[in-house]
Amino acid sequence: MALFPNTRLRRTRSQPWIRDLVRETHLTPHDLIWTIVVSDSADPIEPVEAMPGTVRMSVAEAAKAAKRARDLGIPAIAVFPHIDPSLKDNAGTEALNRDGLVMRAVKAMKDAAPEVGIICDVALDPFTDHGHDGVMEDGVILNDATVDLLVQQGLAQVEAGCDVLAPSDMMDGRIGAIRGALEESGHTDTLILSYAAKYASGFYGPYRSAIGSAKLQGDKKTYQMDPANTDEALREVAMDIEEGADMVMVKPGLPYLDIVTRVKEAFGVPTYAFQVSGEYAMIMAAAQNGWIDGERVMMETLTCFKRAGADGILTYFAPVAAEILGE
């Protein structure tokens, strides 16, 4: 590269039109997956105190959200449930209810906007009375017993109309078990988006409030990843791809951009990042206090996911960001 003054890198930053021409990373509504929480409450919407601007939606409101996503160009919605605490038990058996909240929401959303992809969380933590992602016995989360239930949960979701199963539990072997069950039941076109590298993070707190998760007994460090590890993430991703995952995810998002980059470079498969509740809540809280320009930081973070190599971002900001991008 020629030295200054022959080379002045500020030349290509001098005007908006040239900045547009040389921009390396482009964000569009098609890069966004809208994460929503559905509720069996009698209220159409319920504000989530820990996540300003986010609400729990009734089934009818979720159907409206599907239409809004379609109109904004958002290709998919990821659904998470907030259920009546009385329905929760040690094994999360309500997750298997074919007439349960998630199944009713999926059916309503597909009826309202069939062209919008519906992604279902395959995990038991919204349904357990101890807040863990699996069956608990004497304080231990049982891997294989949990996988058996996840397979049943996933099949029930697909039968309701779910397009993408997204196992977020981090049990060993669950991708292979779910893929095998899908093939055997004739659901050969159902996609699996694996939470392949999900870390035992402190950023999930507001989400647990949003879904009304039981007060967690202990922690999830025996099955979610250590935030200090990177090579282990590649092993997890490799296993899930081998077992039949079509797409993989890194969670949380912004603090783990290095993992997103490593996964994308190593495997070249569709790779997604989850801008989780804690990330969302920090941006919103700082913006409400006037400490940052919330809209600017929102768009900056979403662009950074793309720059790191993510093919798409799961985010609570999706509809707001899509409106801005569509202007």
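**Figure 1. The loop holding D138 in the predicted model.** D138 sits in the loop between β6 (136-137) and β7 (140-141). This view, like those that follow, is drawn from a predicted model. The phi angle of D138 is positive, at about 55°, although D138 is not a glycine. Most residues other than glycine have a negative phi. D138 has a relative accessibility of 77% and therefore counts as exposed, the limit being over 50%.

**Figure 2. The loop holding M170.** M170 is located in the loop between β8 (164-167) and α5 (174-184). M170 is not a glycine, yet its phi is positive, near 70°. Is M170 buried or exposed? With a relative accessibility of 4%, M170 counts as buried, because the limit is under 20%.

**Figure 3. Two cis peptide bonds.** Most peptide bonds are trans. The bond that joins F4 and P5 is cis, with omega at about 10°. P5 belongs to the segment before α1 (16-22). A cis peptide bond also joins K251 and P252, and here omega is about -5°. P252 is placed in the loop between β10 (247-251) and α8.

**Figure 4. The largest nonpolar core and the surroundings of W34.** The largest nonpolar core has 106 residues. Which residues have the most contacts inside this core? They are W34, I77 and L302. Helix α4 (residues 143-160) supplies the largest share of the core, 8 residues. Residues up to four places away in sequence aside, W34 touches M57, A65, R68, A69, I74, A76, I77, A78, T315, Y316, A318 and P319. I77, another of the residues with the most contacts inside the core, is thus shown here as a contact of W34.

**Figure 5. T315 in strand β12.** T315 is part of strand β12 (residues 312-315). Its relative accessible area is 0%, so T315 is buried. Apart from neighbours within four places in sequence, T315 is in contact with L32, I33, W34, T35, Q275 and L302. W34 and L302 from this list are among the residues with the most contacts inside the largest nonpolar core.

**Figure 6. L150 in helix α4.** L150 is a residue of helix α4. L150 has a relative accessible area of 0% and is therefore buried. Outside the residues up to four places away in sequence, L150 touches V122, A123, L124, D169, M171, R174 and I178. One of these partners, R174, is 24 residues from L150 in sequence, and the two C-alpha atoms are 7.5 Å apart.

**Figure 7. Packing of helix α3 against helix α4.** Two packed helices are described by the angle between their axes and the distance between the axes. For helix α3 (residues 101-112) and α4, the angle is about 25° and the axes are 8 Å apart. α3 and α4 are therefore roughly parallel to each other, since angles under 35 degrees count as such. Their crossing is right-handed. V102, M103, V106 and K107 of α3 make the contact with Q153, A156, Q157 and A160 of α4. This contact of α3 with α4 has 5 nonpolar, 2 polar and 1 charged residues.

**Figure 8. Packing of helix α7 against helix α8.** Helix α7 (residues 231-243) and helix α8 (residues 257-267) cross at roughly 45°, and their axes come within 10 Å. α7 and α8 are therefore oblique to each other. The crossing of α7 and α8 is right-handed. On the α7 side the contact is made by D231, A233, L234, V237, A238 and I241, and on the α8 side by I259, R262, V263, A266 and F267. Sorted by class, the contact of α7 with α8 has 9 nonpolar, no polar and 2 charged residues.

**Figure 9. Packing of helix α10 against helix α11.** How are α10 and α11 oriented to each other? The axes of helix α10 (residues 294-308) and helix α11 (residues 318-325) cross at roughly 95° and come within 11 Å. α10 and α11 are therefore roughly perpendicular to each other, because angles of 65 to 115 degrees fall in that class. E295, M298, M299 and L302 of α10 meet V320, A321, I324 and L325 of α11. The contact of α10 with α11 consists of 7 nonpolar, no polar and 1 charged residues. L302, which takes part on the α10 side, is also a contact of T315.

Methods
Residues are numbered from 1 along each chain as its sequence is written. This is a predicted model: local features need pLDDT of at least 70, side-chain atom pairs count only at pLDDT 80 or more; totals for chains, interfaces and linings use all residues. Side-chain values use heavy atoms; hydrogens and water are left out. A nonpolar core is a set of buried Ala, Val, Leu, Ile, Met, Phe, Trp, Tyr and Cys residues joined through side-chain atoms within 4.5 Å. Buried means under 20% relative accessible area, exposed over 50%, partly exposed in between (1.4 Å probe, protein chains only). Helices (H or I, at least four residues) and strands (E, at least two) are DSSP runs, numbered from the N terminus. Contact means heavy atoms within 4.5 Å. Axes are lines fitted to C-alpha atoms, for helices over the stretch in contact, and angles run from 0 to 180 degrees between N-to-C directions. Angles under 35 degrees count as roughly parallel, over 145 as roughly antiparallel, 65 to 115 as roughly perpendicular and the rest as oblique. A crossing is left-handed if the near helix is turned anticlockwise from the far one by less than a right angle, and right-handed if clockwise. Ala, Val, Leu, Ile, Met, Phe, Trp, Tyr, Cys and Pro count as nonpolar, Asp, Glu, Lys and Arg as charged, and the others, Gly among them, as polar.
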